[in-house]
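Colleague: I have a new model open and want to learn how to read it. Can we take it feature by feature?

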Amino acid sequence: MRRKLAAGNWKMNGTTAALSELEVLARSFPSPTVDVLICPPATLLHRAAEAVRDTGITVGGQDCHAATSGAHTGDISADMLVDAGAKAVILGHSERREDHDEQNEDVRAKARAAMDAGLKAIICVGESLEQREAANTLDIIGGQLSGSIPDQSTGENLIVAYEPIWAIGTGKVPTLNEIGEVHDFIRARLERRFGEGVGRSVRLLYGGSVKPSNATEIFGVSNVDGALVGGASLKATDFSAIVEALEKA
Ligand code: PEP
């Protein structure tokens with residue numbers, strides 16, 4: 001049985017005042033029946049971890065470096081995330097792939113570092129609009145999966161997020177059939193590579209314009225074990241409604 005997961009990605013949003021949203025969320029879900037994870041900016045991570053201490057909510061990072069330490073100005077290692085209270089880290093988000101030219105092998109190296117440090121790696125994959133229109137979606141996702149996911153992955157340390165680039169922050173969402181097709185494909189690829197036991201235990205999140213109004217139908221799609229939520233995770237009321245929808249799914 002895969003435990004469902006609602007993960008929020010605050011991206012480069014939020015200063016101290018934003019912690020109050022996290023406190024509201026923690027009060028709303030004293031013992032959530034699904035996993036709830038918030039990934040705030042690194043500057044808030046430690047305080048966010050303190051704010052949710054002893055609640056059912058955990059916090060995570062939005063990226064980490066592949067090395068454990070060294071001369072990498074501005075970067076953050078997986079051990080540093082753990083030290084700040086993180087339990088997970090988002091890796092290979094399309095904004096990182098785009099803004100920082102991250103390639104699959106970079107994501108894989110970061111995921112190895114994250115797993116070695118004891119973090120769950122949420123590895124993001126997703127196609128551009130051009131790739132979807134050219135009917136290349138499954139080829140692209142297949143390449144990202146084999147290139148970005150390390151061999152040491154298990155159902156415990158790996159989560160895969162399917163995030164079509166054209167659906168992120170746009171209000172556009174694939175049809176439920178399109179989401180199901182990609183999630184079934186990812187599941188089959190994981191089972192083929194890691195065997196049925198591990199392949200079936202990895203959680204698959206959908207991400208891209210998930211909102212309270214569409215969460216329930218998305219959570220009804222086969223092999224959708226939760227969501228990675230950007231914009232709607234910034235407001236406790238919106239994110240709470242998504243968590244509630246997942247609890248009922
Ligand atoms: C994201 O960036 O991971 C994301 C899914 O964003 P949004 O929910 O705002 O589309």
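Colleague: Start with strand pairing. Which residue is the bridge partner of Leu37 in S3?

Modeller: Thr58. Keep in mind that this is a predicted model. That pair belongs to a set of three bridges joining S2, residues 35-39, to S3. The two strands run parallel.

Colleague: How does the chain get from S2 to S3?

Modeller: Through helix H2, residues 42-51. Strand, helix, strand: a β-α-β crossover, and this one is right-handed. To check the hand yourself, point the strands away from you; a path that runs clockwise from the first strand over the helix to the second is right-handed.

Colleague: Which strand pairs with S3 besides S2, and in what sense?

Modeller: S4, residues 86-91. Three bridges join S3 to S4, and they run parallel. Look at Gly61: Val89 of S4 stands opposite. The connection goes by way of helix H3, residues 78-84. S3, H3 and S4 make a right-handed β-α-β unit.

Colleague: How many residues of S3 are buried?

Modeller: Buried here means under 20% relative accessible area. In S3, residues 57-61, four of the five residues are buried. The strand is mostly covered.

Colleague: What should I expect of side chains along a strand?

Modeller: In a regular strand they alternate between the two faces of the sheet. Bear that in mind as you step along the next one.

Colleague: Which strand does S4 join by four bridges?

Modeller: S5, and the two run parallel. Ile90 has Ile122 as its bridge partner in S5. S5 covers residues 120-125, and five of its six residues are buried.

Colleague: How many bridges link S5 and S6?

Modeller: Five, in the parallel sense. S6 spans residues 158-162. Use Ile123 as your marker: it stands opposite Val160 in S6.

Colleague: Sequence distance and spatial distance can disagree. Where do Asn9 and Ile90 stand on each?

Modeller: They are 81 residues apart in sequence, yet 8.3 Å apart in space, C-alpha to C-alpha. Asn9 is in strand S1. Asn9 counts as buried because its relative accessibility is 5%. Now take Ala42 and Arg27. They are 15 residues apart in sequence and 23 Å apart in space, again C-alpha to C-alpha.

Colleague: Is Ala42 buried or partly exposed?

Modeller: Partly exposed, because its relative accessible area is 46%. Ala42 is found in helix H2.

Colleague: On to polar side chains. What does the side chain of Gln144 reach?

Modeller: The backbone nitrogen of Gly126, at 2.8 Å. Gln144 is found in helix H7, residues 137-148. Gln144 is classed as buried because its relative accessible area is 10%.

Colleague: And Arg132: which side chain does it make a polar contact with?

Modeller: The side chain of Tyr162, at 3.3 Å. The cut-off for a polar contact is 3.5 Å. Arg132 is found in helix H6, residues 129-133. Arg132 counts as buried because its relative accessible area is 16%.

Colleague: Now backbone angles. Where does Lys11 lie, and what is its phi?

Modeller: Lys11 lies in the loop between strand S1 and helix H1. Its phi is near 50°, a positive value in a residue other than glycine. Asn223 is another case, with phi near 65°. That residue is found in the loop between helix H10 and strand S8.

Colleague: Last topic, the ligand. How many residues surround the ligand, and which are the closest?

Modeller: 14 residues surround it. The closest are Lys11, His93, Glu163, Gly169 and Ser209. By class, the shell has four nonpolar, eight polar and two charged residues.

Colleague: Which atom pairs should I inspect?

Modeller: Begin with Glu163: an N or O atom in its side chain is 2.7 Å from a ligand oxygen. Gly169 uses a backbone N or O atom, also 2.7 Å from an oxygen of the ligand. At Gly230, a polar backbone atom is 2.8 Å from a ligand oxygen.

Colleague: How much of the ligand's accessible area does the protein cover?

Modeller: 95% of the 290 Å² that the ligand has on its own.

Methods. Residues are numbered from 1 along each chain as its sequence is written. This is a predicted model: local features need pLDDT of at least 70, side-chain atom pairs count only at pLDDT 80 or more; totals for chains, interfaces and linings use all residues. Side-chain values use heavy atoms; hydrogens and water are left out. Buried means under 20% relative accessible area, exposed over 50%, partly exposed in between (1.4 Å probe, protein chains only). Two strands pair if DSSP finds at least two bridges between them. A residue is near a molecule or strand if one of its heavy atoms lies within 4 Å of it. A polar contact is a pair of N or O atoms within 3.5 Å; within protein, one must be able to donate a hydrogen and the other to accept it, and residues adjacent in sequence count only if both atoms are side-chain atoms. Accessible areas come from the Shrake-Rupley method with a 1.4 Å probe; for residues, only the protein chains shown count as cover. Ala, Val, Leu, Ile, Met, Phe, Trp, Tyr, Cys and Pro count as nonpolar, Asp, Glu, Lys and Arg as charged, and the others, Gly among them, as polar.
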